[in-house]
Amino acid sequence: MMGHVHKEVSNITFSLISPDDVEKTSAAKVVTPELYDKEGYPVDGGLMDIRLGVIDPGLRCKTCGGRLKECIGHFGHIELARPVMHILYVTKVYDIIRAICRECARVLLNPEKIKKEKELLSKYRRAKQFGLLRKRAKLITNRLKLIKKCPHCSEKQYTIKIEKPSTFMENDKKISPIQAKARLENIPDKDLELLGMDPKFARPEWMILKVLSIPPVTMRPSITLETGERSEDDLTHKLGDIVRINQRLFENINAGAPEIIVEDLWELLQYHVTTYFDNTVLQIPPARHRSGQVLRTLSERIKSKEGRFRHNLAGKRVNFAARTVISPDPKILFNEVGIPKSVAMELTIPERVTSWNKEWLLSLIKNGIKIYPGANYVIFPDGKKKKITDETQESILEDLKEGYIVERHVIDGDVSIFNRQPSLHRMSIMCHRIRVLPGKSFRLNPSVCNPYNADFDGDEMNLHVPQTEEARAEAEILMQVETQIMTPKSGYNVIGCVEDSITGNYLLTKEMTLTKEEASELMVSVGLDTIKFKSATVKGTEIISALFPEDFMFFGSAKQIDEDGKETKLVIKKGKIISGIIDNNSIGENNGELLREFFRKYGKEKTLQLMVNLFRIGIKILLKRGFTTGVADTDIPEHIVKKVHASIDVAYKEVDELIAKFEAGKLEELPGKTLNETLETFTLELLNKVRNKVGAIVAEYPSEKNSTIIMAKAGAKGNILNFTQMSGCVGQQALGGKRIERGYSNRTLSLFQKKDLGPLAHGFIKNSFKRGLNPVEFFFHAMTGRDALMDTALRTPKSGYLYRRLANALQDLRVEYDQTVRNANNTIIQFKYGDDGLDVSKSEGGIISVKKAFNDILGK
Amino acid sequence: METVAKEFEGKLPQKIINEAVAEAKKRSCSKDQLKKIIQYLKEQYDDARITAGEGIGIVTAESFGEPSTQMTLNVFHFAGVAEVSVTQGLPRLIEILDARKEIKTPSMEIYIKKEFNKDMNVVKKVAASIKETKFADIVTEFTINLSKLQIEATLHQNRIKDLKLTPDTIAKALGEGLKNVIVTSSPNKITLKAKDAENELMEIYKLKEKSKDIFIKGIKGISQVLPVKKDNEFFIVTAGSNLKEVLEIKEIDETKTSTNSLFEVLAVLGIEAARRTVINEAKKVIENQGLDVDIRHIMLIADIMTTSGTVKGITRSGITSGKSSVLARASFETPIVHIINASLVGEEDQLNSVIENVMLNQPVPLGTGLPGLVAKMIKGAEKGIPKGKAKK
């Protein structure tokens with residue numbers, strides 16, 4: 001392969017460009033505003049001059065001889081008839097011009113002080129502390145603007161005022177850019193240091209433009225419209241304006257036109273040059289297209305989210321990526337991703353031909369680009385890349401030797417990187433193994449939805465295929481799904497069992513007993529064919545126990561109610577479940593205690609395996625047993641409904657009593673609250689209690705066979721509150737922690753009496769979702785619903801900005817080899833990360849448990 | 001036991017060793033068992049150590065950024081009780097991280113020395129003495145006497161009694177607060193009259209409004225006080241904060257008294273206390289929202305905000321402005337300003353941090369991009385290798 005030179009940039013120095021350099025590096029001097037001649041060929045000396053680069057296919061650059069895409073373009077220049085201010089440097093010129101003598105152009109600093117300041121400034125410069133240097137220089141110039149007499153030549157100084165955007169006034173007389181430039185030119189090099197400048201990099205007079213650099217054509221390409229018409233870039237338009245006015249100014253000066261005309265043209269030139277640099281200057285109207293659209297000139301190209309920095313430099317576009325809709329597939333592994341064949345045939349991996357894989361690669365080339373495990377390109381040792389087509393196939397098959405590189409289609413087991421935006425944490429980009437599946441969407445195991453925060457309501461995700469060995473190795477070792485089980489945020493597991501698999505495990509460990517045959521069949525069906533059961537009947541707990549190693553010990557902390565209604569906790573001793581039920585608290589996401597303990601002892605691979613096994617068994621069990629849920633689950637018998645209504649009526653009465661007490665003035669004020677507020681507090685408390693009461697009544701009724709309740713108890717989906725709201729009563733609607741108050745004066749809706757303090761008038765919903773809400777209740781419910789919606793909509797951008805700032809402030813911090821945390825300047829931020837040097841994701845929330853260690857070693 | 005403990009000193013955090021020794025005594029383990037256990041703990045500790053090169057900053061930013069999307073925007077919540085409202089959720093977190101000088105709801109928790117903290121009367125007395133009383137608080141009615149061109153304020157007798165004020169002391173305080181005003185007092189009335197002869201009605205009205213704001217008694221800035229009982233102990237929650245003056249009250253327990261105003265802590269107690277306040281306040285917000293973020297992340301943020309010796313916010317004028325790289329600053333906000341300034345001084349970007357290297361398509365100095373390759377050369381072959389090739 002052709003050896004290419006790898007260069008590394010070690011530093012970048014910023015400086016002003018001098019007029020000499022502009023001319024020296026210029027490929028062409030632009031003298032005419034015309035762009036093309038009659039044939040549509042670029043005019044010599046025009047803005048599209050082919051010495052500045054080419055954007056038309058077929059043309060060759062006059063400077064470097066390159067064709068389109070080969071030539072990166074060359075800068076040109078315009079000689080301005082009169083100097084103009086550079087708008088972005090106006091404030092800097094203003095600072096400097098006030099700090100120097102109007103006569104001798106020396107810096108207005110006392111000769112005694114000069115030496116001291118110079119020493120300090122050069123110290124900063126040597127230490128490369130440019131921030132301090134700038135601050136000090138600014139301090140000096142700020143002090144000097146008030147000085148009335150030059151300490152060097154004793155000339156009297158006048159205050160100079162700025163007339164925005166770019167005119168200086170001294171004693172009500174204008175300082176023209178020519179005069180300003182002259183003053184700046186006279187500053188001796190030795191004084192520049194005091195202004196924070198270094199003549200090597202910047203002379204102040206360079207801030208006033210006499211020659212203007214013209215960016216290459218490639219930076220402002222024109223678009224050819226369907227009609228064949230050319231549409232020029234905004235910058236070309238603006239530069240055209242500048243050249244036109246500049247030429248007119250030249251002509252007028254040469255023709256000896258009256259000063260007033262020259263002045264006007266000069267002003268106009270200043271305007272055009274100003275808007276060329278920055279079209280958002282406050283005091284002047286922005287330059288526009290004929291259609292009235294504002295031009296996007298240099299500053300706007302750099303600034304903001306869509307600007308060069310954030311859009312093109314900090315973020316980049318890549319090849320070998322795919323994006324499509326995701327859908328679930330519980331049968332693939334957690335660390336796999338299913339991709340459609342059509343995607344697999346576009347994404348390729350470069351594979352070098354060796355004697356071991358030559359045969360295989362040849363077969364892939366034979367398949368070509370149209371048959372699935374095929375190949376798309378072959379790269380020759382000289383660096384040339386050839387697409388495999390019907391024509392080239394033959395010759396490539398003959399030519400292929402060791403050392404060639406074949407870009408083959410991805411196959412099962414290849415490494416890929418999978419991502420869902422917004423990428424809020426590192427678990428948003430993980431490494432999955434590719435599995436080519438029929439269909440048109442990406443498939444992922446529902447258990448990895450949580451780290452991506454994905455669901456299947458139309459979400460799309462991105463997939464990348466790393467192209468080098470290094471990238472693949474990093475992806476595999478650092479980004480593999482199993483390495484991301486524990487979040488560095490809190491040390492909890494972000495990946496666990498979800499939904500049906502939890503319900504399955506719950507039912508299995510709680511109440512199920514299988515025959516030996518059934519149990520064996522179950523184990524085999526999830527791929528565990530080595531486990532044998534001895535007894536004729538197998539309890540659910542025994543099946544799960546078979547998944548644990550023999551020395552596994554676990555003591556759950558969550559209280560559970562077992563089959564017989566007794567209170568237990570999940571206990572596993574020597575790999576056997578002694579008591580308790582497996583539920584969301586042990587194997588779920590975020591709080592899977594059992595998974596955490598398992599991870600601590602046996603590491604990531606085994607934990608992932610355990611999760612997969614539990615997941616599969618859970619689902620298989622549900623398939624076997626049968627499990628369904630529907631509206632019928634929320635049916636409750638009439639006598640329970642009556643009970644619910646009765647308890648609501650009791651609460652109503654209590655509220656009425658409270659109001660009566662309030663109106664009679666017998667209510668006692670709570671400390672620090674007014675009487676009205678006290679009443680509100682009590683009422684809200686009462687009404688909130690009602691829902692809990694209703695919840696208790698409703699939860700009493702349904703049998704253990706109610707699927708909704710089973711799911712709620714297992715922690716798989718939903719909770720008792722949801723059930724209460726569906727079948728019992730929705731309860732009090734609250735806005736900002738209070739009952740609903742808004743609306744008309746002294747009432748929420750016009751159908752209530754004024755000053756009605758009762759529950760119905762302030763958003764209590766007596767009905768259940770299933771029975772249906774009446775119009776008033778519906779309205780209140782919609783109010784709280786809207787409030788929640790607004791909250792989310794307003795919060796997202798705020799927290800997004802906070803995150804951007806945080807990431808920006810902290811991105812350079814790293815842990816050094818000596819365990820200190822340092823930033824990019826090598827300043828120590830912490831002597832030991834978190835005071836103990838523990839990684840949150842590697843220890844359970846940053847805690848090394850001494851008790852557990854005793855249990856492990858002493859075997860208790 | 002202690003000898004075993006000594007052996008591992010410095011190899012493990014002392015806290016773990018101490019805990020292990022205590023546990024061993026409780027379970028009456030043998031020396032060998034303890035050694036085995038500590039050895040086991042050490043293995044666990046070494047496994048759980050943070051890897052060198054870990055880009056811990058970005059991990060911290062993620063750990064804050066991700067949960068912040070789940071926080072509520074509900075600004076006010078009551079600090080457990082009654083009237084003293086405190087900003088919470090995302091707005092408060094932003095306030096802390098921005099290091100705002102003026103916070104929306106400054107508040108203090110004033111603890112009382114052990115001798116008095118069970119005595120409600122002492123607590124109430126302290127609370128009353130702290131609360132800032134303005135002239136308007138102790139006046140029932142302001143009247144402008146048009147014939148005499150003066151203001152007459154009727155005093156609220158009960159309040160004055162409660163606050164142990166007399167018309168004379170009030171008049172004195174007013175005299176200090178208002179210039180060019182003649183203050184005369186009678187048992188239930190205070191009269192204000194401007195010294196200047198040309199008394200326009202407008203001026204008198206202005207004077208009336210101005211007098212309402214005059215500070216009479218208490219501690220400036222503390223607008224609400226509320227004695228609260230928690231865990232068998234009384235303390236005072238306030239709206240408004242003035243740490244410096246509160247610390248001078250002799251009944252209070254200065255070791256526990258705190259404020260949520262970062263800059264007050266910085267001014268009164270110094271940078272380390274300010275760091276601690278950042279940690280405490282951020283932790284409060286996160287816990288209040290029911291979220292789970294490890295303390296290490298909060299500590300790192302507090303540390304980076306305070307390493308310079310003053311509190312710097314996580315804003316463009318705070319931490320980002322202190323970055324040495326021009327490109328890093330430019331890529332955050334206001335890029336043009338940074339480039340213009342850099343060009344004048346001839347600033348050099350050393351490309352030491354992450355974002356510049358991303359821009360240039362080069363490996364970033366974090367994680368796997370941090371180490372360089374060091375190769376051991378066979379003797380004799382060294383001559384052929386030019387010196388100084390190995391970078392970083």
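**Fold and chain contacts of a predicted model**

Q: Which class fits A:Gln819: buried, exposed or partly exposed?
A: The class rests on C-beta atoms, placed from the backbone, within 10 Å of the residue's own: 20 or more others make it buried, 12 or fewer exposed, and anything in between partly exposed. A:Gln819 has 15 such neighbours inside 10 Å, so the class is partly exposed.

Q: What pLDDT do local features need in this predicted model?
A: Residues are numbered from 1 along each chain as its sequence is written, while chains are lettered from A and ligands numbered from 1 in the order in which they are written. In this predicted model, totals for chains, interfaces and linings use all residues, side-chain atom pairs count only at pLDDT 80 or more, and local features need at least 70.

Q: Where is A:Gln819 found, and what is its phi?
A: A:Gln819 is in the loop between β30 (814-815) and β31 (821-822) of chain A. Strands here are DSSP runs (E, at least two residues), helices likewise (H or I, at least four), numbered from the N terminus. A:Gln819 is not a glycine, yet its phi is positive, at about 75°.

Q: How many C-beta atoms lie within 10 Å of A:Asn171?
A: A:Asn171 sits in the loop between β4 (167-170) and β5 (173-175) of chain A. Its phi is positive, about 50°, although it is not a glycine. The residue is exposed, and the count of other C-beta atoms is 9.

Q: Which peptide bond is cis, with omega near 0°?
A: Look at the loop between β15 (415-419) and β16 (429-437) of chain A, which holds A:Pro422. The cis bond runs from A:Gln421 to A:Pro422.

Q: What is the radius of gyration of chain A?
A: Chain A has 26 helices and 32 strands. The globule rule (2.2 Å times the number of residues to the power 0.38; radius taken over C-alpha atoms) sets the reference. For 860 residues it gives 29 Å; chain A is well over this, so it is more spread out than a compact globule, at 38 Å.

Q: Which helix gives the largest share of the side of chain B that touches chain A?
A: Contact means C-beta atoms, placed from the backbone, within 7 Å. By that test 92 residues of chain B meet 90 of chain A. Twelve residues, the largest share of chain B's side, come from helix α4 (residues 56-68) of chain B.

Q: Which residue of chain B stands opposite A:Thr13?
A: Strands pair if DSSP finds at least two bridges between them. β1 (residues 12-13) of chain A and β13 (residues 348-349) of chain B do so, antiparallel, over two bridges. Opposite A:Thr13, in β13(B), stands B:Glu348.

How values were computed: Contact = placed C-beta atoms within 7 Å.
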